[in-house]
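Me: Could you take a close look at one part of this protein for me, the aromatic side chains that pair up, and then follow the threads from there to the charged pairs and the unusual backbone spots? I work with models every day, so please keep the values in.

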Amino acid sequence: MSRTLIVTAHLDDFEIGMGGTAASLAFADTSVKVVVLCRGDRPGSEQVATKRRHTSFANVKSLGAVSNSFFGLDVLEYSDTKLDKIPQTEICNLISDYINEYEPTNVYTHYDADIHSDHCIVSRATRVACRMREASPVDKLLEFSIPGSTEWGYTKFDFNTYFDITRYADKKMEMISKYSTEIRSAPDPISSEMITARDAYHGSLCGYSKAEVFKLIFSR
């Protein structure tokens, strides 16, 4: 059985960035662990942390209910937007510990040139933790984008891998819609309408109705 580790900064990143792909994994013979480093206390709106946390656990529970294997979530206690205050070695070691314990064959994380510093820090630490040493279980590392946040980094997102989420697009949007404190009104990139349009556009590039795109860092 293959194992997948998804490493994100925030309590909505995996749903927004790769919710369709995550849903597809729930229906496959794949064990999935989602690790979220920050607890959801967005600066100026710290009170939303509890609701965001409940939403994330509810979404993972809904995926676990249809999974043929394990689908779990760990939420750590770092503060949103403050990962730059944490020594990089600490974050790298934390992710390495998950890799050593969980032994994933596939790892997903953020794009490393995102405008959000938390996303970049998590991405770069994950790259370090996934180095292709002989003893590493990781055979594939992919990075996903977050609408607006990635594009506003003003660095081209060099996606080179497409995943058909046509069958899972409704489930993705169902999960995202529960984040009432995070989702904005159109035409903001973090709106249901624009996320749906984005997935449709990416699908049009590869012959699917809807797709999510990734940057494949390595596959061995």
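Reply: Happy to; here is a walk from the aromatic rings to the salt bridges and then to the backbone. Please keep in mind that this is a predicted model.

Let's start with the rings. Searching the whole structure gives five aromatic pairs. One of them joins phenylalanine 157 and phenylalanine 159, with 5.6 Å centre to centre and 55 degrees between the planes, a tilted arrangement. Phenylalanine 157 is buried, at a relative accessible area of 12%, whereas phenylalanine 159 is partly exposed at 26%. Phenylalanine 159 also pairs with tyrosine 162, this time edge-to-face, at 5.8 Å centre to centre and 80 degrees between the planes. Why is one pair called tilted and the other edge-to-face? The 80 degrees of the pair with tyrosine 162 is edge-to-face because planes over 60 degrees apart get that label, while those under 30 count as stacked and the rest as tilted. Tyrosine 162 itself is partly exposed, with a relative accessibility of 32%. Taken together, ring pairs connect Tyr111, Phe157, Phe159 and Tyr162 into a cluster.

Two members of that cluster lead on to a further residue. Threonine 150 touches Tyr111 and Phe157, and also Asp114 and Ser145, leaving aside residues up to four places away in sequence. Threonine 150 belongs to the loop between β5 (140-144) and β6 (161-164), and is buried, with a relative accessible area of 2%.

Tyrosine 162 points us to another feature, on the surface. Together with Tyr201, Leu205 and Tyr208, Tyr162 makes a nonpolar surface patch of about 390 Å². Of these residues, tyrosine 201 is placed in helix α6 (residues 192-204).

Another ring has a charge for company. The charged end of arginine 3 sits over the ring of tyrosine 102, 5.3 Å from the ring centre.

That brings us to the charged pairs. Side chains of opposite charge can pair when their charged atoms come close. Across the whole structure, 14 salt bridges are found. Helix α6, home of tyrosine 201, takes part in one of them through aspartate 199, whose side chain meets that of lysine 172 at 2.9 Å, N to O. Lysine 172 lies in helix α5 (residues 169-177) and aspartate 199 in helix α6, so this pair ties together parts 27 residues apart in sequence. Both lysine 172 and aspartate 199 are buried.

Lysine 172 has another partner, glutamate 212, with the closest N and O atoms 2.8 Å apart. Here the link runs from helix α5 to strand β7 (residues 211-219), so it ties together parts that are 40 residues apart in sequence. Lysine 172 has a relative accessibility of 1% and counts as buried; glutamate 212 is buried too, with a relative accessible area of 1%.

A further salt bridge joins the side chains of aspartate 80 and arginine 52, at 3.0 Å from N to O. Aspartate 80 is in the loop between β3 (71-78) and α3 (88-102), and arginine 52 is in helix α2 (residues 49-64), so parts 28 residues apart in sequence are tied together. Aspartate 80, at 4% relative accessibility, counts as buried, and arginine 52 does as well, at 3%. These two belong to a network of salt bridges that links Asp12, Arg42, Arg52, Asp80 and Glu182.

Finally, the backbone. Most residues other than glycine have a negative phi, and most peptide bonds are trans. Where are the exceptions you might want to inspect? Tyrosine 154 has a positive phi of about 55 degrees although it is not a glycine. Tyrosine 154 lies in the loop between β5 and β6, the loop that also holds threonine 150. Tyrosine 154 is exposed, at a relative accessible area of 71%, whereas threonine 150 is buried.

Glutamate 103 likewise shows a positive phi of about 55 degrees without being a glycine. Its place is the loop between α3 and β4 (106-110), and at 48% relative accessibility glutamate 103 counts as partly exposed.

The peptide bond between alanine 186 and proline 187 is cis, with omega at about 15 degrees. Proline 187 is located in the loop between α5 and α6, the helices that hold lysine 172 and aspartate 199.

Conventions
Residues are numbered from 1 along each chain as its sequence is written. This is a predicted model: local features need pLDDT of at least 70, side-chain atom pairs count only at pLDDT 80 or more; totals for chains, interfaces and linings use all residues. Side-chain values use heavy atoms; hydrogens and water are left out. Rings of Phe, Tyr and Trp (its six-membered ring) pair if their centres lie within 6.5 Å; planes under 30 degrees apart count as stacked, over 60 as edge-to-face and the rest as tilted. Buried means under 20% relative accessible area, exposed over 50%, partly exposed in between (1.4 Å probe, protein chains only). A charge sits over a ring if NZ of Lys or CZ of Arg is within 6 Å of the ring centre and within 35 degrees of the ring normal. Patches are made of residues with over 30% relative accessible area and no salt bridge: like charges are joined within 9 Å, nonpolar side chains (Val, Leu, Ile, Met, Phe, Trp, Tyr) within 5 Å. Accessible areas come from the Shrake-Rupley method with a 1.4 Å probe; for residues, only the protein chains shown count as cover. A salt bridge is a side-chain nitrogen of Lys or Arg within 4 Å of a carboxyl oxygen of Asp or Glu. Helices (H or I, at least four residues) and strands (E, at least two) are DSSP runs, numbered from the N terminus. Contact means heavy atoms within 4.5 Å.
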